Structures are given as C-alpha cells and as structure tokens.
Amino acid sequence: MELDTCIRERRSVRRYTDELVDHATIEKIIDLARFAPSWKNTQTTRYYVVEDADKIAKICEEGVLGFEGNQKTLAKAKQVVVIATVNKRCGYERDGSFTTSKEDRWEMFDAGIATQTFSLAAHSMGVGSVIMGIFDEKKIAEIIGLPEGQSVSCLMTIGYPKFTPDPVPRKEVADLLTYVE
C-alpha cells in the first residue's frame, strides 16, 4: 500500500470480526511503529496487548470513566492495546532538568507519534484500530499490572474491520496552512 493511500484511507474502526489479530501480525505492526521518532531517540513508548476477556470487561466497566462511546467499542473488542510511556525520559536532560518549556508533556507528543505510526502500520496490514483518550489512567494501570515508572498514554482497540467506515469531511489545506514571511 502506498503511503498516501494508507494515510487517506485509514479510518477509526470500532467494530471488528471475531478473528483475533495473530501475534506475528501484531509484532510486525510494532516492528514498524518502533521507527517512530522520539525525543533524543529515547524510544519510551510501550505496547501492552490485552487479550484476556475478563480484563477487557473490567477496562470497559471500570476504566473509561463511564464514557459510553468507549464502553460500546470495548464491549465488542477482543484485543485492546494499552499504549504506555516510560516516565521521566522525554524532554529531560540526564540531570533531571527539562530541556524544553513543554517539560514532561513531551512524553505525550512522542506517544502520539508512536500511536499514529502503529495505526498506519496496522491499516497497511488490514488491521483496524481506534484511539481512545477518555480513561482512568490509574485504573487501567492497575488492571493490566503496568510496571512502576510507566504511564498510560491511550487505549486502542484493534481487529479486522467488520466494514470500512465512510470518510469524514476534512478541512481544506487553505484552512489549515499559514505561511509566515
């Protein structure tokens, strides 16, 4: 799949077939996602693939702050990817001071780049995904046993799409671009 096609055709997928994405495919996706750029090449993004139905149900019931949209998606999901970040590396110097005025918020920037790279790699292999940002970070960490020193950045469901969602309208380039001279 050509890159421009992959970018244009990738959709947020919330309904999947019953077929699990096999581990070899997930590893290929992460093999590509690991090439996402990161702060001083710190590579702090980690991927936790939850396949245990009881844990997914607990995430659905207790981990998304009662947000119905995420609950509907999670209730049908067979695989959930918890994107996590190793704390206190992105945006920091070795002495613990911040390099950037963004301070520790740069971690989320790196996690976002990695998550989008994961989504595009998945799409290129026929795997759908949806990125979810409404969740209880501490509850998700507890449910999956996230190691100390890491934080949950986002949740994603993955699977083979039941159907391809229609494209949504996009703003025109002229609405998004400003040249500063």
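The following exercises, each with a worked solution, concern a predicted model.

**Exercise 1. Cysteines**

Task: Determine how many disulfides a search of the whole structure finds, and explain the result for C6.

Solution:
- Step 1. The cut-off comes first: a disulfide requires two cysteine sulfur atoms within 2.5 Å.
- Step 2. For C6, the closest cysteine sulfur belongs to C154 and is 17 Å away, so the two are too far apart for a bond.
- Step 3. C60 is likewise in no disulfide, and its nearest cysteine sulfur, that of C154, is 17 Å away.
- Step 4. The search of the whole structure accordingly gives 0 disulfides.
- Step 5. As to accessibility, C6 is buried because its relative accessible area is 5%, and C60 is buried because its value is 10%; the limit for this class is under 20%.

**Exercise 2. The surroundings of R10**

Task: Locate R10, and establish which backbone oxygen its side chain reaches.

Solution:
- Step 1. R10 is placed in the loop that runs between helix 1 (3-9) and helix 2 (23-33).
- Step 2. Although R10 is buried, it has no salt bridge. The nearest side chain of opposite charge is that of E9, at 11 Å, whereas a salt bridge needs the charged atoms within 4 Å.
- Step 3. The side chain of R10 instead reaches the backbone oxygen of S129, at 3.0 Å.
- Step 4. Leaving aside residues up to four places away in sequence, R10 touches S119, L120, H123, S129 and V130.
- Step 5. Among these contacts, S119, L120 and H123 also appear with the buried residues of helix 5.

**Exercise 3. Helix 5**

Task: Compare the span of helix 5 with its expected value, and state what its buried residues pack against.

Solution:
- Step 1. Helix 5 covers residues 106-124, which amounts to 19 residues.
- Step 2. From first C-alpha to last, helix 5 reaches 27 Å, close to the 27 Å expected at 1.5 Å a residue.
- Step 3. The buried residues of helix 5 include E107, D110, A111, A114 and F118.
- Step 4. The packing partners of these buried residues are helix 1, helix 2, strand 1 (45-50), strand 2 (79-86), strand 3 (128-132) and strand 4 (150-159).
- Step 5. Just after helix 5, G126 adopts a positive phi of about 80°.

**Exercise 4. G63 and helix 6**

Task: Decide whether G63 is buried or exposed, then describe how helix 6 begins and what covers its buried residues.

Solution:
- Step 1. G63 sits in the loop between helix 3 (53-62) and helix 4 (68-76).
- Step 2. G63 counts as buried because its relative accessibility is 0%.
- Step 3. Beyond residues up to four places away in sequence, G63 touches K58, F135, D136, K139 and I140.
- Step 4. One of these contacts, D136, caps the N-terminal end of helix 6, with a side-chain oxygen 3.2 Å from the backbone nitrogen of K138.
- Step 5. Helix 6 (residues 137-144) has the buried residues K139, I140, A141, I143 and I144; their cover includes strand 1, helix 3, strand 2 and strand 4.
- Step 6. Just after helix 6, G145 has a positive phi of about 70°.

**Exercise 5. Q79**

Task: Find which backbone nitrogen lies 2.8 Å from a polar atom of the Q79 side chain.

Solution:
- Step 1. Q79 belongs to strand 2 and is buried, with a relative accessible area of 1%.
- Step 2. The backbone nitrogen in question is that of V21.
- Step 3. V21 is also listed among the residues that Q79 touches, including L20, I26, V50 and M156.

Conventions: Residues are numbered from 1 along each chain as its sequence is written. Side-chain values use heavy atoms; hydrogens and water are left out. Buried means under 20% relative accessible area, exposed over 50%, partly exposed in between (1.4 Å probe, protein chains only). Helices (H or I, at least four residues) and strands (E, at least two) are DSSP runs, numbered from the N terminus. Lys and Arg count as positive and Asp and Glu as negative; His and the chain ends are not counted. A polar contact is a pair of N or O atoms within 3.5 Å; within protein, one must be able to donate a hydrogen and the other to accept it, and residues adjacent in sequence count only if both atoms are side-chain atoms. Contact means heavy atoms within 4.5 Å. The expected span of a helix is 1.5 Å times one less than its number of residues.
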